[in-house]
Amino acid sequence: MDAFDQIDVLSKSAKIYINARAMGFEPEGMSDEQMAEMTRAFNLPR
């Protein structure tokens with residue numbers, strides 16, 4: 001179930017990114033520090 005959840009989140013993230021690019025936006029993404037904070041906050045695998 002965890003693998004399915006991760007794939008689902010990745011799929012949704014990819015759709016958001018593609019739609020943003022199609023509208024002319026260049027997503028900035030997150031810094032390494034922000035990613036580390038999210039990893040800790042949501043207890044994500046490394």
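## Two helices, two salt bridges: a chat about a predicted model

Biologist: Happy to look at this one with you! How many salt bridges does a search of the whole structure find?

Modeller: Keep in mind that this is a predicted model. A search through the whole structure turns up salt bridges, and their number is two.

Biologist: Let's take them one by one. Which side chain meets Lys12 in a salt bridge?

Modeller: Lys12 sits in helix α1, which covers residues 2–22, and its partner is four residues away in that helix. Lys12 itself is partly exposed, at a relative accessible area of 49%. The N to O distance is 3.3 Å, and the partner is Asp8.

Biologist: Why are Lys12 and Asp8 separated by about one helical turn?

Modeller: An α-helix has 3.6 residues a turn, so residues three or four places apart point the same way. Asp8 is partly exposed, because its relative accessibility is 30%. Lys12 and Asp8 are about one helical turn apart because their spacing in helix α1 is four residues.

Biologist: And the other pair: what is the N to O distance between Glu26 and Arg21?

Modeller: Glu26 counts as exposed, with 53% relative accessible area. Arg21 is partly exposed, at 43%. Their side chains meet in a salt bridge, and the N to O distance is 3.4 Å.

Biologist: Let's step back to the fold. How many helices and strands does the chain have?

Modeller: One helix is α1, residues 2–22, and another is α2, residues 32–41. The count for the chain is two helices and zero strands.

Biologist: How far apart are the end C-alpha atoms of α1?

Modeller: Helix α1 holds 21 residues, and at 1.5 Å a residue they should span 30 Å. The model agrees with that expectation, since the end C-alpha atoms are separated by 30 Å.

Biologist: What is the phi of Gly24?

Modeller: Gly24 follows α1. Its phi is positive, near 95°.

Biologist: Which residue has a positive phi although it is not a glycine?

Modeller: Most residues other than glycine have a negative phi. The residue in question lies in the segment after α2, and it counts as exposed because its relative accessibility is 68%. Its phi is about 50°, and its name is Asn43.

Biologist: Now the surface. How much accessible area does the nonpolar patch have?

Modeller: The patch is formed by Met30, Met35, Met38, Phe42 and Leu44. One of these, Met38, belongs to helix α2 and is partly exposed, at 34% relative accessibility. Together the patch residues have an accessible area of about 480 Å².

Biologist: What percentage of the residues in the chain is buried?

Modeller: The chain exposes about 4,600 Å², and carbon and sulfur atoms supply 59% of that area. Its C-alpha atoms fill a box of roughly 35 × 25 × 10 Å along the principal axes. To count as buried, a residue needs under 20% relative accessible area. Of the 46 residues in the chain, the buried share is 4%.

Biologist: How far apart do the centres of the positive and negative side chains lie?

Modeller: The chain carries 5 positive and 8 negative side chains. The distance between the centres of the two sets is 4 Å.

Biologist: What separates the C-alpha atoms of Gln6 and Leu44?

Modeller: Gln6 lies in helix α1 and is partly exposed, at 46% relative accessibility. Leu44 belongs to the nonpolar surface patch. Along the chain the two are 38 residues apart, while their C-alpha atoms are separated by 9.8 Å.

Biologist: And what separates the C-alpha atoms of Glu37 and Asn19?

Modeller: Glu37 has its place in helix α2, where it is partly exposed at 47% relative accessibility. Glu37 and Asn19 are 18 residues apart along the chain, and their C-alpha atoms are separated by 26 Å.

Biologist: One last stop: is Glu28 buried or exposed?

Modeller: Glu28 lies in the loop between α1 and α2. Glu28 is 13 residues from Lys15 in sequence and 16 Å from it in space, C-alpha to C-alpha. The cut-off for exposed is over 50% relative accessible area. Glu28 reaches 81% relative accessibility, so it counts as exposed.

Conventions: Residues numbered from 1 in each chain as written. Predicted model: local features only at pLDDT ≥ 70, side-chain atom pairs only at ≥ 80, totals over all residues. Heavy atoms only, no water. Patch = residues over 30% accessible without salt bridge, like charges linked within 9 Å, V, L, I, M, F, W, Y side chains within 5 Å. Areas by Shrake-Rupley, 256 points an atom, 1.4 Å probe, with all protein chains shown as cover. Salt bridge = Lys/Arg side-chain N within 4 Å of Asp/Glu carboxyl O. Buried < 20%, exposed > 50% of the residue type's maximum accessible area, 1.4 Å probe, protein only. Lys, Arg positive; Asp, Glu negative; His and termini not counted. Charge placed at Lys NZ, Arg CZ, Asp CG, Glu CD. Expected span 1.5 Å × (residues − 1).
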